[in-house]
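Biologist: I'm new to reading protein models. Could you walk me through a few features, one at a time?

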Amino acid sequence: MFRLAHLSDIHLGPLPEVSYRELASKRITGYINWQRNRKRAMFGDTLLNLVADLRQQKPDHVAVTGDLVNLATKTEVDGARLWLEDLGKPDWVSLVPGNHDAYVPGALNRACREWDGYMTGDDGLSFDDRRFPYMRVRGPVAIIGTSSAEATAPFFATGSFKRRQALQTARLLTQAHGLGLFRVVLIHHPPVPGAAAWSKRLIGKQFFSRVIHDAGAELVLHGHTHLDTLYWLTGPGGVKVPVCGVPSASQSAGHDKPAARYSLFEIDGGPGEWSLTQRERGYGQHGEAIGWVRQRRLLGDGTTAEAQAEAVGTAP
């Protein structure tokens, strides 16, 4: 059995001092949002304790689906590199960027240079040689990292998935299928209609859906919404592919979004007979200690089999 952990929307805090020059851009809106909202909801030991708990579960690999930073300043990007190094070695952690990592023009290039080892495929090609997607094989699992991150205008947090990336993602998915691997696609924005507000949507989600429909996948992981969500896309032959979101790993309890959580996906079986179980672990919404939140088997017909793990603190 292979165990894959999923974290997202790290939003490392506290926000460092920001110069007037750095604020003379879209960053001014993000700075105000941090001071008014996220400063209260995303500060303290929440992330530290969640990561410590994750390590105790001993996953075989960790997937992080973006938004490591807030305003993508140089100080934040450097700090996120140190956080990644503390989280684990590049061969144990796979990362894709989010919209906050590409907050202003040029920010994504800097982030990808600093975090390159966590976003490089097994072929050794880095961000400068070939952009996303990349593919890594870990045990029976192929992890395919895509990018929806791009700089946008103030008050927008959209992402994009364009034709070039779609064609290359389909090629990697087909290659992984031929090798008999369980295929996991990472993307920051949810690639399904209605999952995010219009100003925060994924542009080109039709390309993503077509890729899954034609090439197939076994699991899609995303972040962006800070919500625990489960959607389904249709793969070849009508097989349903689960699309799973996870709350922000830094979200403290008692706010309008779910408290910090991560998912553990247990992958077993083989081609044509894969078994996938999602076990969610994190804080209770009223500040309870970290515990099990939910366990469910994700089935290829688009249904789930819920297990006994509905309350934080109960073991499945």
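**Reading the model, step by step**

Modeller: Let's start inside: Glu280 is buried, because its relative accessible area is 0%, and buried means under 20%. Keep in mind that this is a predicted model.

Biologist: Okay! In which strand is Glu280 found?

Modeller: Glu280 sits in strand β13. Its C-alpha atom is 6.3 Å from that of Gln295, although the two residues are 15 apart along the chain.

Biologist: Which residues are linked with Glu280 in a network of salt bridges?

Modeller: Glu280 is linked with Asp228, Arg261, Arg294 and Arg296 in that network. Take one pair from it: the side chains of Asp228 and Arg294 form a salt bridge, 2.5 Å from N to O. That pair links distant parts of the chain, since Asp228 is in the loop between β9 (219-222) and β10 (230-234), while Arg294 is in strand β14, 66 residues apart. Arg294 counts as buried because its relative accessibility is 19%.

Biologist: How many salt bridges does the structure hold?

Modeller: There are 16 salt bridges in the structure. In one of them, Arg281 meets Asp53, at 2.5 Å from N to O. Arg281 is in strand β13 and Asp53 in helix α3, so this salt bridge ties together parts 228 residues apart in sequence. Arg281 counts as buried, at 11% relative accessibility, and Asp53 is buried too, at 8%.

Biologist: And where do Asp78 and Lys74 lie?

Modeller: Those two both lie in helix α4 (residues 74-87), four residues apart, which is about one turn of the helix. They form a salt bridge as well, with the closest N and O atoms 2.9 Å apart. Lys74 counts as partly exposed, at 47% relative accessibility.

Biologist: Next topic: pockets. How does one find empty space in a model?

Modeller: The general idea is that rolling a probe the size of a water molecule over the atoms shows where empty space is left. Here, the second largest pocket has a volume of about 350 Å³. Its lining has 21 residues, and Glu218, Val239, Lys240, Trp274 and Gly300 lie nearest the centre. The elements giving two or more residues to that lining are β7 (182-186), β11 (240-245), β13 (275-282) and β14 (291-298). The largest share, three residues, comes from β11.

Biologist: What classes of residue does the lining of the second largest pocket have?

Modeller: Eleven are nonpolar, five are polar and five are charged.

Biologist: I've also heard about phi angles. What should I look for there?

Modeller: The background is that most residues other than glycine have a negative phi. Now look at Lys58: its phi is positive, about 55 degrees, although it is not a glycine. Lys58 lies in the loop between α3 (46-56) and β2 (61-64), and it counts as exposed at 64% relative accessibility. Phe155 also has a positive phi, near 75 degrees.

Biologist: Is Phe155 buried or exposed?

Modeller: Phe155 is exposed, because its relative accessible area is 70%, and the cut-off for exposed is over 50%. You'll find Phe155 in the loop between β5 and β6.

Biologist: Which residues make the nonpolar surface patch?

Modeller: Phe155, Phe156 and Trp198 make that patch, which covers about 410 Å². Phe156 is in the loop between β5 (141-145) and β6 (159-160), and it is partly exposed, with a relative accessible area of 32%.

Technical notes. Residues are numbered from 1 along each chain as its sequence is written. This is a predicted model: local features need pLDDT of at least 70, side-chain atom pairs count only at pLDDT 80 or more; totals for chains, interfaces and linings use all residues. Side-chain values use heavy atoms; hydrogens and water are left out. Patches are made of residues with over 30% relative accessible area and no salt bridge: like charges are joined within 9 Å, nonpolar side chains (Val, Leu, Ile, Met, Phe, Trp, Tyr) within 5 Å. Accessible areas come from the Shrake-Rupley method with a 1.4 Å probe; for residues, only the protein chains shown count as cover. A salt bridge is a side-chain nitrogen of Lys or Arg within 4 Å of a carboxyl oxygen of Asp or Glu. Buried means under 20% relative accessible area, exposed over 50%, partly exposed in between (1.4 Å probe, protein chains only). On a 1 Å grid over the protein atoms alone, a cavity is a set of points where a 1.4 Å probe fits but cannot get out, and a pocket is an open set with protein on both sides within 12 Å along at least five of seven lines; lining residues have an atom within 4 Å of a point. Grid points are joined across faces, edges and corners, and a volume is the space filled by probe spheres set on the points. Ala, Val, Leu, Ile, Met, Phe, Trp, Tyr, Cys and Pro count as nonpolar, Asp, Glu, Lys and Arg as charged, and the others, Gly among them, as polar.
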